[in-house]
Amino acid sequence: MTRAASLRAASIEQQVNALLERMTLEEKIGQMSQVNAAGGHVPAHLREAVRGGRIGSVLNEVDVTTVNELQRLAVEESRLGIPLLVGRDVIHGFKTVFPIPIGQASSWDPTLVSTGARIAADEAAAHGVNWTFAPMIDIARDPRWGRVAESLGEDPYLAGVLGAAMVRGFQGDDLADRGSIAACAKHFAGYGASESGRDYNSTNIPENELRNVYLPPFKAAVDAGVATLMTSFSDLDGVPATANTFLLRDVLRDEWRSDALVVSDWESIRQLAVHGFTEDDRDSAYQAANAGVDMEMASTTYADHLASLVHDKRISMQQVDTAVRNVLRVKFRLGLFDEPYTDPAAFLPAANDAHLQAAYDAAVASAVLLKNDDWALPLHADQLGTIAVIGPLADDPYEQLGTWVFDGDASHSRTVLRALRERIGDRADVAYARGVATTRSRGHDDFAEAVALAERADVAVLVLGEEAILSGEAHCRADITLPGAQEALLKAVAATGTKVILVLMTGRPLALESAVRHAHAVLCVWHPGTMGGPAIADLLLGERAPSGKLPVTFPRVTGQIPIYYAHRNTGKPVTHESYVFIDDIEARAPQVSVGNTSFHLDTAFTPLYPFGHGLSYSHVEYEHLWTSTAVLRMNGSLTIGVDVVNVGPRDTTEIVQLYVRDLVGDITRPVRELKAFTRVSLARGERRQVEFTLTPRDLAFFGRAHRLIVEPGRFHAWIGGSSATELRTEFVLVDDSTR
Ligand code: BGC
């Protein structure tokens, strides 16, 4: 912290304490209560509650006149004049919708992600919102879980870097600046491990797995100064996160020394009783307050019971004061005591050209080219007579926005069909057939029209996947193949012999092993947001080139889940030699117990597309991997470098990735872990040396005793364009002090 920042923090602390001294217990509990205020007007009961100082925060009101009226009631008509926190789920844009978070994560570009958050913050702030419930940084290793769409993927390091970038984007340099809003790291913690990918389900996470995999992105967000955190709906080893003293006190407050505001999730305090963790609402209020949840969202157990819990000395005034301090601190940092009102005229209009341009750039950078046989892409419009555009997502302004777009405005959306027509003009005929009514439709009635169109076309671009409602909160799937009749449609179109380009608009990785066989190229664009159409059209036509890499593994079939690159080795890892496919087993083959390894009989042991995978319109080779030293000392550092060469036909951007394996550990270690990455632009024919620096700190992990340790020993390191890269070197970490 700079001297100026620490002086400011000290002055805020003084103001918080001075205000706290004047507060009654009822007013304190008011600051710990957040209510739903959606509706565009202030109902009488809310008016009275705000005037009475019984509410510290509202959520879901985005009508700026109503928000200003609520602030006026709080500031001018309540006894102490404390302004309100105004919360909203601004997840991937406000009016201008950016790609869903898993899409943005495919850019591996912290600057781009931060810019998106900044624009979202600005548009939301113009409506009086001063707090977003984002970023969601739950590690997601189960694509059945609908909220994988909202996540930054399966890797703790990548999610940490990008999550911190989002925090910086939302909060800006100073929370008090116009257009800055408080961020919220959610859901603390472990939510992504919900069993069977079913939302809200239980999680069982051993402490070292929790610390090595699920907590690092939250630590990164806290280090980036995130103003608030939200607890998870899920339980962790039987203790709901919303009453989890280990997470909320031991880790967050004692270890990380965070004074961020902790808010519950929607009614998650009341749900403690439903979990079977508490007797009733009073007990729930006790458990949550005791664990350190500063603010209750939506339910009213604090409002109803906290005062009596304090009178009965079950919750101390000190505990209440700590919670209220955490709330007030955010209000002071936001500058709300100086300027509680929002003047929309002080902001640029939403969805202005600059915002749309940024959304376009984000959609371009989010696209991942999964497959491109025989350079099927890019298309050369001048050489094509007719382009068949097929599929329910090719011309749907709403569905391309994806999940969690409360405020997204589909009227700004530009679709793929429209953009292709605009871009191509009269160079070729762009004709459209929907093929199926929705992504879920099972009927084949409209196939004939699509097939006839494909038959007379030179190329068929199928825009298939999942409509927005099939992912996101509570929208989980047990079978993650292409829904409805889409695969049959794809097959029918492919049977015409026309070249097939599959544009995959989806909220999650899909199990596409059988589907991709029918496509020459597959471009995964996730739900690309407002500017998806122009971005995709330009990518298809080669005006722009894909550069995204997967932040999450694509399985071949649903039954492979969980499948992620950073798995542990087991004592019997599979090899190509030991692998046996079900068809190759002879009838009445005898069972043997020797020589067996870990795999499924009915699918390959690799994923369809690994973490980090993504093609471009050029071809990059990696050569001459080197390390500055073979011996890394505990107080030293090591440089690992490689030559990256663009040997393909065009300029390109490559995301260069460094992976490390710790060969022997106090606990068994993942077969690979991402440690660093960088985006590199390479002109055609260009060779560039890329270097990364590693220190022992980068190799630390939580061992058996749940403490962070750095162990001497051998390490492997790879640099390449995906987690499956084979270009490897090694080094030894040496602890001189023990010699
Ligand atoms: C979700 C949160 C969200 C909250 C407020 C809950 O159902 O789990 O992520 O921020 O609602 O809308």
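How do the residues of the shell around the ligand divide into nonpolar, polar and charged? In this predicted model, the shell holds 5 nonpolar, 1 polar and 5 charged residues. Let's walk through that site and then look at some local features of the backbone and the surface.

**The ligand site**

The residues around the ligand are D89, F133, R147, K186, H187, M230, F233, D265, M297, W404 and E473. Three of these side chains have an N or O atom paired with an oxygen atom of the ligand, as the table shows.

| Side chain | Atom in the ligand | Distance |
|---|---|---|
| D89 | oxygen | 2.4 Å |
| D265 | oxygen | 2.5 Å |
| H187 | oxygen | 2.7 Å |

The ligand would expose 310 Å² if taken alone, and the protein buries 93% of that area.

One member of the shell, W404, also deserves a look for its backbone. Its phi is positive, about 55°, although W404 is not a glycine. You will find W404 in the loop between β12 and α16 (416–424). Is W404 buried or exposed? W404 counts as buried because its relative accessibility is 16%, and the cut-off for buried is under 20%.

**Another positive phi**

E267 is a further residue other than glycine with a positive phi, here near 60°. The loop that carries E267 runs between β9 (261–263) and α11 (271–275). With a relative accessible area of 29%, E267 is partly exposed.

**Cis peptide bonds**

Where should you look for cis peptide bonds? One joins A134 to P135, with omega near 10°. P135 sits in the loop between β4 (131–132) and α7 (156–171). Another cis bond links L377 and P378, and its omega is about -5°. The place of P378 is the loop between β11 (368–372) and β12 (386–390).

**A nonpolar patch on the surface**

Which residues form a nonpolar patch on the surface? They are V580, I582, I585 and L601, and together they have about 290 Å² of accessible area. Of these, I585 can be placed in the loop between α20 (532–540) and β17 (620–627). I585 counts as partly exposed because its relative accessibility is 38%, a value that falls between the 20% limit for buried and the 50% limit for exposed.

Definitions and conventions: Residues are numbered from 1 along each chain as its sequence is written. This is a predicted model: local features need pLDDT of at least 70, side-chain atom pairs count only at pLDDT 80 or more; totals for chains, interfaces and linings use all residues. Side-chain values use heavy atoms; hydrogens and water are left out. A residue is near a molecule or strand if one of its heavy atoms lies within 4 Å of it. A polar contact is a pair of N or O atoms within 3.5 Å; within protein, one must be able to donate a hydrogen and the other to accept it, and residues adjacent in sequence count only if both atoms are side-chain atoms. Accessible areas come from the Shrake-Rupley method with a 1.4 Å probe; for residues, only the protein chains shown count as cover. Ala, Val, Leu, Ile, Met, Phe, Trp, Tyr, Cys and Pro count as nonpolar, Asp, Glu, Lys and Arg as charged, and the others, Gly among them, as polar. Patches are made of residues with over 30% relative accessible area and no salt bridge: like charges are joined within 9 Å, nonpolar side chains (Val, Leu, Ile, Met, Phe, Trp, Tyr) within 5 Å. A salt bridge is a side-chain nitrogen of Lys or Arg within 4 Å of a carboxyl oxygen of Asp or Glu. Helices (H or I, at least four residues) and strands (E, at least two) are DSSP runs, numbered from the N terminus. Buried means under 20% relative accessible area, exposed over 50%, partly exposed in between (1.4 Å probe, protein chains only).
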